[in-house]
Amino acid sequence: MWVKSLLAFPDKDFDIRKGSYMCQASEKGDVGILVELLAAGADTNEKSLNCEKRPLHICAEYGHLDALATLLNYGADIDQLDAHKRTAMHFASQQGHDSLIQWLIDHGAHADQIEMDGYSPLHVASCLGYEKVCKSLLTIGKAEVNLLSNDSWSSLHMAVSYGHLEIVKMLLSFGAYHSKKTAEGETALHMASAKGFTDMVQVLLDHGTHVESCNNHEATPMHYAVFYGHIKVVYCLLKAGASINFLHLPAISCPVNLSAMRGDQDMMDLLRCAGCVVRKDTAFLLHLRKNISAQYRDEISRFPSLRDLCIWKIRLVLAPDLQRKTRLLPLPEVLKDIIVLSHLKIS
């Protein structure tokens, strides 16, 4: 074994306790080498040059359960920290090692230990989409589902932001606060609306998330969805009763004006049909966009007519199978064409 060769090396300056051999053996998961090193006096808490990771952290990261158990048998601290205050639980969660997570919990590892930025193992698993790890942390480890990071992000914020729908449902079932805000004032609904996750938006709304919640700059989920051009999300928010006229805010904050600045004609048509008012003081904004129709610029101060509102109500009732259902109505073909507005892609 190479360990015996090292021990026989005649260099008087050699000291096995000062090397990184434990970390190297932990990365390989070689239990035999670890036992030889430990028998020769190696430190179970030896620091690597990489963020002061300990052998236990490295075993957890690479999923070496037998090597990790060996270290614990020789006295390693199961909750020892690296330079960023991460534990073995963080590293196992980061790599999705569910069986290792369960083993660590069974042997006393703390499920809610936070690292230097305030993130717990559940934050990590929720962000990376490891559903089994999240379930183990919540059921076996009794992890706190509403633990907040230094910037007030919960595990739900992480799961929503990265689009992990099943984890979002799981966290909500374990009592996650769906209306909790980050340091920027954003709720999970803001994040889902910004990313265009329609199914996730609907799940959050079904759980009672406040559709009119504002961030630190008075922007609602509707603003986010319009700004990023997610017309399906806008439609979903409208059905939930979201406001579209914000007359107390600067003109540019009106959703229809945001869509105009983006040149999103479909979004403008949808918002106008829903009753969104375009204010006169935004004419100069709309003229900056050459691809906005002249008719829209000329009608800048027009309030929604009764016809617009009626069409919108019909669309709400018939969606999402709008075109097929509309054709079955006992109405003139011209009116059917107006209701369908087939160039709007919202179904």
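This report describes the overall make-up, the nonpolar core and several individual residues of a predicted model.

**Overall make-up**

The protein chain contains 22 helices and zero strands, and buried residues account for 49% of its 347 residues. Among the contacts that join residues at least 6 apart in sequence, 67% link residues at least 24 apart. According to an unreviewed UniProt entry, the annotation "repeat: ANK" covers residues 51-83, 84-116, 117-141, 151-183, 184-216 and 217-249. Two of these annotated spans can be described through their end C-alpha atoms and their helix content: in residues 84-116 the end C-alpha atoms lie 5 Å apart and the span is 52% helix and 0% strand, while in residues 117-141 the end C-alpha atoms are 21 Å apart and the chain is 68% helix and 0% strand.

**The nonpolar core**

The largest nonpolar core comprises 80 residues, and those with the most contacts inside it are Leu68, Leu104, Leu137, Leu171, Val234 and Leu237. Helix 15, which spans residues 231-239, supplies the largest share of this core, namely six residues. What surrounds leucine 137, once its neighbours within four places in sequence are left aside? Its contacts are Met89, Ser93, Ile101, Ile105, Ala111, Pro121, Leu122, Ala125, Lys142 and Ala143.

**Threonine 209 and its polar contacts**

Threonine 209 lies in the loop between helix 13 (198-206) and helix 14 (221-227). Is this threonine buried or exposed? Because its relative accessibility is 6%, threonine 209 counts as buried. The side chain of threonine 209 makes a polar contact with the side chain of histidine 178 at 3.3 Å, and a polar atom of the threonine 209 side chain lies 2.8 Å from the backbone oxygen of leucine 204. Both of these partners appear again among the contacts of threonine 209 beyond four places in sequence, which are His178, Ser179, Leu189 and Leu204.

**Aromatic rings**

The structure holds one aromatic pair. It is formed by phenylalanine 227 and tyrosine 228 in an edge-to-face arrangement, with 5.1 Å from centre to centre and 90° between the planes. Phenylalanine 227 is partly exposed at a relative accessible area of 43%, and tyrosine 228 likewise counts as partly exposed, at 46%. Elsewhere, lysine 195 lies over the face of tyrosine 162, at 5.8 Å from the ring centre.

**Two residues with positive phi**

Most residues other than glycine have a negative phi. Lysine 142 nevertheless has a positive phi of about 55° although it is not a glycine, and serine 152 has a positive phi of about 65°, again without being a glycine. Lysine 142 sits in the loop between helix 9 (131-139) and helix 10 (155-161), and serine 152 is found in the loop between helix 9 and helix 10 as well. Lysine 142 is exposed, since its relative accessible area of 62% is over the 50% cut-off, whereas serine 152 is partly exposed at 21%. Lysine 142 is also one of the residues in contact with leucine 137.

The table gathers the accessibility values of the residues discussed.

| Residue | Relative accessible area | Class |
|---|---|---|
| Threonine 209 | 6% | buried |
| Serine 152 | 21% | partly exposed |
| Phenylalanine 227 | 43% | partly exposed |
| Tyrosine 228 | 46% | partly exposed |
| Lysine 142 | 62% | exposed |

Methods: Residues numbered from 1 in each chain as written. Predicted model: local features only at pLDDT ≥ 70, side-chain atom pairs only at ≥ 80, totals over all residues. Heavy atoms only, no water. UniProt positions renumbered as here; feature names shortened; annotations may be inferred. Helix = DSSP H or I, 4+ residues; strand = E, 2+ residues; numbered from the N terminus. Core = buried A, V, L, I, M, F, W, Y, C linked by side-chain atoms within 4.5 Å. Buried < 20%, exposed > 50% of the residue type's maximum accessible area, 1.4 Å probe, protein only. Contact = heavy atoms within 4.5 Å. Phe/Tyr/Trp six-rings, centres within 6.5 Å; stacked < 30°, edge-to-face > 60°. Lys NZ or Arg CZ within 6 Å of the ring centre and 35° of its normal. Polar contact = N/O pair within 3.5 Å; in protein donor to acceptor, adjacent residues only side chain to side chain.
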